[in-house]
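Work through the exercises below with the sequence and the model at hand. Each task is followed by a solution in steps.

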Amino acid sequence: MKRTLVAFGALILLAGLPLFAQAQEDSGLDYFGGLHKKGSQIISLTTGAEIPLFILPADAQATESTPLGIGASFSLNYQYFIANRLTIGGSLCGAFNTTVGGRTLFIAPVSAKLAYWWGRQPIEYSASLDLGASVLRLSGNGMITPFAKLGGGAFYQLSEAWSLGAMVYGWLIPELHFGTYADLTRYGTFLEISLGAVYHF
């Protein structure tokens with residue numbers, strides 16, 4: 001229940017980001033010292049906690065909302081500004097979560113990224129959507145599944161090129177099965193809370 005409340009709080013915060021961005025636009029702010037203009041590029045590295053929220057439909061015999069423990073995540077991201085404040089790019093992520101049985105679930109998503117950046121120095125913000133595919137592996141067994149990631153973050157500019165910040169993302173990973181195994185289909189949701197370094201060039 002606590003994890004669900006945290007997820008709803010994060011989603012409410014994310015819902016307010018576009019309104020804040022519009023207010024920033026209306027006030028005529030600059031493009032963060034020229035870093036958020038068309039042709040600029042970003043590389044970022046992140047690491048943090050991967051918190052499983054719930055799995056749908058739930059197993060009728062399960063005693064907990066998810067059989068996974070809190071794990072660790074990391075990512076490498078590239079973004080290119082196709083317009084002022086708007087980027088396209090890609091990301092390579094990874095996450096490890098232990099199961100109640102002591103095994104390890106490894107998740108490796110690869111996705112395309114669409115993001116929006118804004119802010120007044122020294123603080124900048126971003127909101128992004130990732131869509132792609134993920135490799136799931138558990139005890140030597142694996143499969144490829146769809147992947148979606150939605151969230152955003154706030155960053156403090158340390159120098160002309162570097163910023164450090166914190167991010168919150170929601171992950172959706174459907175484990176799809178067909179035919180006689182269709183009843184094994186599950187939809188996993190995770191909350192990523194991470195710290196990251198951003199390099200502008």
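The exercises go from the overall fold to single ring pairs.

This is a predicted model, in which local features need pLDDT of at least 70, side-chain atom pairs count only at pLDDT 80 or more, and totals for chains, interfaces and linings use all residues. Residues are numbered from 1 along each chain as its sequence is written, and side-chain values use heavy atoms, with hydrogens and water left out.

**Exercise 1. List the elements of the chain and state how the strands are arranged.**

Step 1. Helices (H or I, at least four residues) and strands (E, at least two) are DSSP runs, numbered from the N terminus. The chain has one helix and eight strands, in the order α-β-β-β-β-β-β-β-β from the N terminus.

Step 2. Two strands pair if DSSP finds at least two bridges between them. The eight strands form a closed barrel, E1-E2-E3-E4-E5-E6-E7-E8, with antiparallel pairing. From one strand to the next, the twist averages 25 degrees, with axes fitted as lines to C-alpha atoms and angles running from 0 to 180 degrees between N-to-C directions.

Step 3. Take one pair: strand E1 (residues 41–56) and strand E2 (residues 71–83) run antiparallel and are joined by 10 bridges. Gln-41 has Tyr-80 in E2 as its bridge partner.

**Exercise 2. Describe the pair Phe-96 and Phe-106, and place both residues.**

Step 1. Rings of Phe, Tyr and Trp (its six-membered ring) pair if their centres lie within 6.5 Å; planes under 30 degrees apart count as stacked, over 60 as edge-to-face and the rest as tilted. The whole structure holds eight aromatic pairs.

Step 2. Phe-96 and Phe-106 are 4.9 Å apart centre to centre, with 35 degrees between the planes, and the pair is tilted.

Step 3. Phe-96 belongs to strand E3 (residues 86–98) and Phe-106 to strand E4 (residues 104–120), so the pair ties together parts 10 residues apart in sequence.

Step 4. Buried means under 20% relative accessible area, exposed over 50%, and partly exposed in between (1.4 Å probe, protein chains only). Phe-96, at 40% relative accessibility, is partly exposed; Phe-106, at 27%, is also partly exposed.

Step 5. Phe-74, Phe-96 and Phe-106 form one aromatic cluster.

**Exercise 3. Classify the pair Trp-118 and Tyr-125, and say whether each residue is buried or partly exposed.**

Step 1. The ring centres of Trp-118 and Tyr-125 are 5.7 Å apart and the planes are at 25 degrees, so the pair is stacked.

Step 2. Trp-118 is buried, at 1% relative accessibility, whereas Tyr-125 is partly exposed, at 22%.
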